[in-house]
Amino acid sequence: MKVTIYTKAGDPYSEMLKNLLKYYNVEHEIIEVSRNMEKLKTLREISGQYNTPVLKIGDKIFVGFDREKIKEVLEIK
């Protein structure tokens, strides 16, 4: 299952998400959208907004940082 996170520099929730995935050894790709208009446009297309973090797991999109929901979706105990 491919895991991608869309983040912005200085966003504390993006940092919390990155730290959570790192802590549980979840392999993921980080897409930094702060300085890249094309990546920001992609973020808008997949999530309907410009807020971060956005977590993409397979075809599912999750906006924001909800520790318990993320752990549930990734089947982390």
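**Salt bridges, helices and a hairpin**

Biologist: In this predicted model, Lys2 and Glu29 form a salt bridge, with 3.5 Å between their closest N and O atoms. What makes this pair a salt bridge?

Modeller: The pair is a lysine and a glutamate with closest N and O atoms 3.5 Å apart, and the cut-off is 4 Å between a side-chain nitrogen of Lys or Arg and a carboxyl oxygen of Asp or Glu. The distance is within that limit, so the pair counts.

Biologist: Where in the chain do Lys2 and Glu29 sit?

Modeller: Lys2 is in the segment before β1 (3–7), and Glu29 belongs to strand β2 (residues 29–32). With their positions 27 residues apart, the pair links distant parts of the chain.

Biologist: Is Lys2 buried or exposed, and how do you know?

Modeller: Its relative accessible area is 57%, and exposed means over 50%, so Lys2 is exposed. Glu29 comes out at 35%, which lies between the 20% and 50% limits, so the label is partly exposed.

Biologist: How many salt bridges does a search of the whole structure find?

Modeller: Three. Another of them joins the side chains of Lys18 and Glu15, at 2.9 Å from N to O, and one more pairs Glu72 with Lys69, whose closest N and O atoms are 3.9 Å apart. The value of 3.9 Å is still within the 4 Å cut-off, so Glu72 and Lys69 qualify.

Biologist: Why are Lys18 and Glu15 separated by about one helical turn?

Modeller: Because they are three residues apart in helix α1 (residues 12–23). The general rule is that an α-helix has 3.6 residues a turn, so residues three or four places apart point the same way. Glu72 and Lys69 are likewise three residues apart, in helix α3 (residues 67–73).

Biologist: Why is Lys18 called buried?

Modeller: Lys18 has a relative accessible area of 18%, and buried means under 20%, so the label follows. Its partner Glu15, at 36%, counts as partly exposed. In the α3 pair, Glu72 is exposed at 55%, whereas Lys69 is partly exposed at 35%.

Biologist: On to helix α2 (residues 37–47), where Leu40, Leu43 and Ser47 are buried. How do you know that they are on the same side of α2?

Modeller: They cover an arc of only 55° around the axis, which puts them on the same side. On the other side of α2, Met37, Glu38 and Glu45 are exposed.

Biologist: What covers the buried residues of α2?

Modeller: The cover includes β1, β3 (54–57) and β4 (60–63).

Biologist: Which residue caps the N-terminal end of α2?

Modeller: Asn36 does, with a side-chain oxygen 3.0 Å from the backbone nitrogen of Glu38. Just after α2, Gly48 has a positive phi of about 80°.

Biologist: What makes β3 and β4 a pair of strands?

Modeller: Four bridges join them, and pairing needs at least two, so β3 and β4 pair. The strands run antiparallel, and Ile61 in β4 is the bridge partner of Lys56. Their hairpin has two residues between the strands, and Gly58 in it takes a positive phi near 60°.

Biologist: Why does Ala9 count as partly exposed?

Modeller: Ala9, in the loop between β1 and α1, has a relative accessibility of 45%; this value lies between 20% and 50%, so partly exposed is the label. Beyond its neighbours within four places in sequence, Ala9 is in contact with Glu32, Ser34 and Arg35. The C-alpha atoms of Ala9 and Ser34 are 6.2 Å apart, although 25 residues separate them in sequence.

How values were computed
Residues numbered from 1 in each chain as written. Predicted model: local features only at pLDDT ≥ 70, side-chain atom pairs only at ≥ 80, totals over all residues. Heavy atoms only, no water. Buried < 20%, exposed > 50% of the residue type's maximum accessible area, 1.4 Å probe, protein only. Arc of directions from axis to C-beta. Contact = heavy atoms within 4.5 Å. Polar contact = N/O pair within 3.5 Å; in protein donor to acceptor, adjacent residues only side chain to side chain.
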